[in-house]
Amino acid sequence: MKKTEGQIEAERMRALRELNLIDTAPSESFDRITRMASRLFGAPISAVSLTDVDRQWFKSRVGCGTEIPRDKAPCAEVTRSSDFLFVRDLAADPRFAGGILPESGVRFYAGAPLTTKEGYTLGSMCVLDTEPRDFSEEEARSLVDLAAMVMAQIELQHALGRLEPSSGLPNRAQFSEDIEDLARDHPGEARTAVMFDLADAADLAQAMRVLGPAYLDELTRVASGALRPMRDEGHDIYHVSTTQFAAIFPEEEEKRLRERLTTHLGALAEAARHSGLSATPGIAVGLAPFRLGETSAGAVLRSAHHAAQDAREADAAFGLYSATTDEAHQRRYALLEGLRAALREEGQFSLVYQPRIELASGTCTGAEALLRWNHPELGAVSPGEFIPLAEQSDLARPLTDWVLDAALSQMRGWRHAGLAVRVSVNVSAANLEEEDFGLRLAAALARHSVSPSWLEIEFTESALIRHRARVIANLAEIRALGIACAIDDFGTGYSSFSYLQDFPADTIKIDQAFIRTLVPGSRGSVLVASIVAMARDLGYRVVAEGVETQEVCDFLASCDCDEAQGYLFSRPVPPQDFVRWLAAGGEAERRIA
């Protein structure tokens, strides 16, 4: 069945739209060709002209504006006929007389069709002059060659992956090029990058696990279709990652921009609901203001992504890029990378030791080994900052291994020097979930020739919550080796004495948050006394952390608390200072007396 002119034109326009050429920024790769055409033919005007619904839009031009009406435009005739067109004098040709070109003083026109491999004519490569002139067959062939160069450039960009196959939208590479082109044409102008983040990574992984990869394909199809109307408003939409789409908006008041975007966000959510998707995505939108030429395309996307994640974490629809929170995220990333480097290099990590004092006798029963990190650029980094980062990453295992090796090596040295000190080492919940943790502990003790009775493992209450069976098995194996186990920071978080009935441990360390603010006779002191009494009744040894005053120390002794640790006795100190502290003799005894 023969296609109608309307059908052919609709297919041609679809092909033009899919190539993402209309209303895009100027490109040097096309500008080189138009400059060459102007010089080659001695023509003051040349253009790569694309035939839109009602206009001729110039992707590249020399000596003219950005567009003219399609009516009576010779480029429209080239598109209709898909053939070369030469007009010596536009004013004398009834097809074009009265059109905008002859009325503006343009008389001569020559245009070669820009035709895709599928046979769709997009427009023309044309040259124009303000005087009537002839055009030789050789010149015509040269112009046809230049049109072929334009099409080769279009096809090359398409072949190099400028469109995302799953959505048909321009991808991150095209986004980067368009940002660079805009920066050349409008340096310093303000813009706002908008990122639509379709789904939380964890939720997406779960949905794909249940529904398969077809879910992602359908999600992409629905989103790209729902966002395409933004192109009709003059905003290019880019598919910049698997579930992220981006757009560039001119500078405007944030509130007004949010109102405009809310309409598109609603359309996207509505399309998802009516698409038959088995799992409706949680969409977050990030806004990132920037200035053209002052920020790279990669940095623009990163900022918009950061803003979208801020929105997701705040359970909000929109997030505005914040340099402050971004700097915090970048610092965390830098610390993680620094931790990896510190594990490979010597000299950044060290251990300090804080003594534990038996309250009944005033003697030092051991010391807690505490990790310190001196970053080569950032200086001393607080353990409260870097240890949680390590525990949330894959660094928990190697970091604990480093601490164990350093502590066991120090213990062996002290024992050879005749110093009998039990050392406590902190391990993370992730360590206690490792199936081979007990075996690694045994291997480390054998490697350093250290008796298991010299070592104590400390872990926080969070370890008692996750993977309960595995943690219990590991703790039982560790105690079977002869290693003591202590529950650290007890009294905060998930505290429950019911856990203590099941978990094999020897010692409870009361969190310093209770001890530092403790006032004898207060409700807090009643709580601490109750914790001590209940723990001792359950057979645990009790250690109070954060003891800083003699008054608190005396109160703890009166409650039959077994041990204390804190600044009253000593700050955490390097190994040599700890030895000197021990050699000083009865400092602890005098304070306990």
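## A buried residue as a starting point

A residue counts as buried when its relative accessible area is under 20%. With a relative accessible area of 0%, Ile508 is therefore buried. Everything here comes from a predicted model, and Ile508 makes a handy place to begin a tour of it.

Ile508 belongs to strand 20. Leaving aside residues up to four places away in sequence, Ile508 touches Ile487, Phe490, Leu500, Ala535, Tyr540, Arg541, Val542 and Val543. One of these contacts, Ile487, is also the bridge partner of Ile508. For a sense of scale, take Ala91: Ile508 lies 417 residues from Ala91 in sequence, and their C-alpha atoms are 98 Å apart in space.

## Parallel strands from 15 to 20

Let's follow the strand pairing outward from strand 20. Strand 20 (residues 507-510) pairs with strand 19 in the parallel sense, over 3 bridges. Strand 19 (residues 484-490) is mostly covered, with 6 of its 7 residues buried. Strand 19 also pairs with strand 18 (residues 455-460), again in the parallel sense, over 5 bridges. Here Glu458 stands opposite Ala486 in strand 19.

Strand 18 in turn pairs with strand 17 in the parallel sense over 4 bridges, and Leu455 in strand 18 is the bridge partner of Val423. Strand 17 (residues 422-426) runs parallel to strand 15 (residues 364-375), and 4 bridges join the two. On that side, Val423 in strand 17 is the bridge partner of Ala367.

## Two nonpolar cores

Which residues have the most contacts inside the largest nonpolar core? They are Tyr353, Val423, Leu455, Ile515, Val547 and Leu556, in a core of 73 residues. Helix 14 (residues 396-416) gives the most to this core, with 7 residues. As a general point, nonpolar side chains tend to be buried together in soluble globular proteins.

Val423 and Leu455 have already appeared above as bridge partners. Val547 has a long list of contacts beyond four places in sequence, among them Ile515, Val552, Leu556, Tyr567, Leu568 and Phe569. A second, separate core has 28 residues, including Phe108, Met125, Phe135 and Leu146.

## Helix pairs

How do helix 14 and helix 16 cross? Their axes come within 10 Å and cross at roughly 30°. Angles under 35 degrees count as roughly parallel, and the two helices are therefore roughly parallel to each other. The crossing is right-handed. Residues of helix 14 that take part in the contact include Arg397, Asp401, Leu404, Leu408 and Arg412, and those of helix 16 include Phe437, Leu441, Ala444, Leu445 and His448.

Helix 7 (residues 201-211) and helix 8 offer another pair: their axes come within 8 Å and cross at roughly 120°. That angle makes helix 7 oblique to helix 8. Leu204, Ala207, Met208 and Leu211 in helix 7 meet Tyr215, Leu216 and Leu219 in helix 8.

## A mixed sheet of five strands

Helix 8 also leads to a sheet. The 5 strands of this open sheet follow the order 10-11-9-12-13, with mixed pairing. Strand 10 (237-241) and strand 13 (318-320) are at the edges with a single partner strand each, so each has one side without a neighbour in the sheet. On average, neighbouring strands are turned by 30° against each other, direction ignored.

Strand 12 (residues 284-291) pairs with strand 13 in the parallel sense over 3 bridges, and Val285 has Phe318 in strand 13 as its bridge partner. Helix 8 (residues 214-227) packs on the sheet and touches strand 9 (190-197), strand 10 and strand 11 (244-250); the direction of helix 8 makes about 15° with that of strand 11.

## An antiparallel sheet of six strands

The other open sheet described here has 6 strands in the order 3-2-1-6-5-4, with antiparallel pairing. Which strands stand at its edges? Strand 3 (67-69) and strand 4 (85-87) do, each with a single partner strand, so one side of each lacks a neighbour in the sheet. The twist averages 25° from one strand to the next.

Strand 1 (residues 45-51) and strand 2 (residues 55-62) pair in the antiparallel sense over 6 bridges, with Ala47 opposite Arg61 in strand 2. Helix 2 (residues 28-41) packs on this sheet, touching strand 1, strand 2 and strand 6 (121-129), and its direction makes about 80° with that of strand 2. Helix 3 (residues 74-81) packs on the sheet too; it touches strand 1, strand 2, strand 4, strand 5 (108-115) and strand 6, and its direction makes about 140° with that of strand 6.

Notes
Residues are numbered from 1 along each chain as its sequence is written. This is a predicted model: local features need pLDDT of at least 70, side-chain atom pairs count only at pLDDT 80 or more; totals for chains, interfaces and linings use all residues. Side-chain values use heavy atoms; hydrogens and water are left out. Two strands pair if DSSP finds at least two bridges between them. Axes are lines fitted to C-alpha atoms, for helices over the stretch in contact, and angles run from 0 to 180 degrees between N-to-C directions. Contact means heavy atoms within 4.5 Å. Buried means under 20% relative accessible area, exposed over 50%, partly exposed in between (1.4 Å probe, protein chains only). A nonpolar core is a set of buried Ala, Val, Leu, Ile, Met, Phe, Trp, Tyr and Cys residues joined through side-chain atoms within 4.5 Å. Angles under 35 degrees count as roughly parallel, over 145 as roughly antiparallel, 65 to 115 as roughly perpendicular and the rest as oblique. A crossing is left-handed if the near helix is turned anticlockwise from the far one by less than a right angle, and right-handed if clockwise.
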